[in-house]
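The following exercises invite the reader to work through a sheet, a helix and a single residue. Each task is followed by a solution in steps.

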Amino acid sequence: MHILLIEDDQALGQALSQTLQHQHFKVEWNRELHGALQLLACHPIDLVLLDLTLPDGDGLDWLKELKASQYRTTPVIIMTARDQIEDRITGLNLGADDYQAKPFNSQELIARIHAVYRRSKGVALSQVEVGSLKLCTLSREAWWQDQTLGLAKKEFDLLQLLATHPKQIFSKQQLEDRLYDYHADLASNAIEVHIHNLRKKTHSDFIKNFRGVGYRLNPNCETT
């Protein structure tokens, strides 16, 4: 799981980052609100841990901005020293998925992360359509122009990731991080092989390569 941690306290941020990494989470740590949305654009973030009192603004204002953006479905856990009931109600009403008052036990926070992530996946769309591609994430079936696609597990995983983030360009490293375990014995060209196979099964231009940047789906490939 890939987590965006927004926390300005150096000691807490460093300790929490290390704890999460030891639990095999990937962590992007930002010490202010500025640039946080850009990190969501650059990384396939699964969950946000958000402090409220930050040097460049109020986390609740950033939460409003997040929920009005294309990343509105990204789950958020607020973690803050503000423990007034009004703050909790406001945060939850703005779209936060959970609220963890400081100080907290790191193992409890990790349990909350897993619980929130499971809930977010439970309400995710099971039917995804991008151009001529249709996916059912529950049955793990895929169709191209209404014809069933026979996909290997990693091919489906890759196609699902790209289809559920149709406007995002994923670097090769990001795709490897999302598709494979940290200790996986991975061939250097594994992603390229999967993409080659998927292009053969769909359309040669359906997975577009932005040279030096990464890959994104091209839903208009059949009209170009």
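Three exercises with worked solutions follow.

The model is predicted: local features need pLDDT of at least 70, side-chain atom pairs count only at pLDDT 80 or more, and totals for chains, interfaces and linings use all residues. Residues are numbered from 1 along each chain as its sequence is written, and side-chain values use heavy atoms, with hydrogens and water left out.

**Exercise 1. The sheet**

Determine the order of the strands in the open sheet and state which strands stand at its edges.

Solution. Begin with the order: 5 strands form the open sheet as 2-1-3-6-7, with parallel pairing. Strands (E, at least two residues) and helices (H or I, at least four residues) are DSSP runs numbered from the N terminus, and two strands pair if DSSP finds at least two bridges between them. Next, consider the edges: strand 2 (26-30) and strand 7 (98-101) each have a single partner strand, so one side of each lacks a neighbour in the sheet. On average, neighbouring strands are turned by 20 degrees against each other, direction ignored; the axes used for such angles are lines fitted to C-alpha atoms, for helices over the stretch in contact, and angles run from 0 to 180 degrees between N-to-C directions. Finally, take one pair: strand 1 (residues 2-6) and strand 3 (residues 47-50) are joined in the parallel sense over 4 bridges. Within strand 3, V48 is the residue opposite L4.

**Exercise 2. Helix 1**

Identify the buried residues of helix 1 and explain how they are arranged around its axis.

Solution. First, locate the helix: helix 1 (residues 10-22) packs on the sheet and touches strand 1, strand 2, strand 3 and strand 6 (76-80), where contact means heavy atoms within 4.5 Å. Second, list the residues: G13, L16, S17 and L20 are buried, that is, under 20% relative accessible area, while exposed means over 50% and partly exposed lies in between (1.4 Å probe, protein chains only). Third, look down the axis of helix 1: its buried residues fall within an arc of 105 degrees, so they line one face; the arc is that of the directions from the helix axis to the C-beta atoms. The face turned away from the buried side carries the exposed residues A11 and H22.

**Exercise 3. L158**

State whether L158 is buried or exposed, and name the residues that it touches.

Solution. L158 belongs to helix 6 (residues 153-164). Its relative accessible area is 0%, and L158 is therefore buried. Leaving aside residues up to four places away in sequence, L158 touches L175, L179, H194, I195 and L198.
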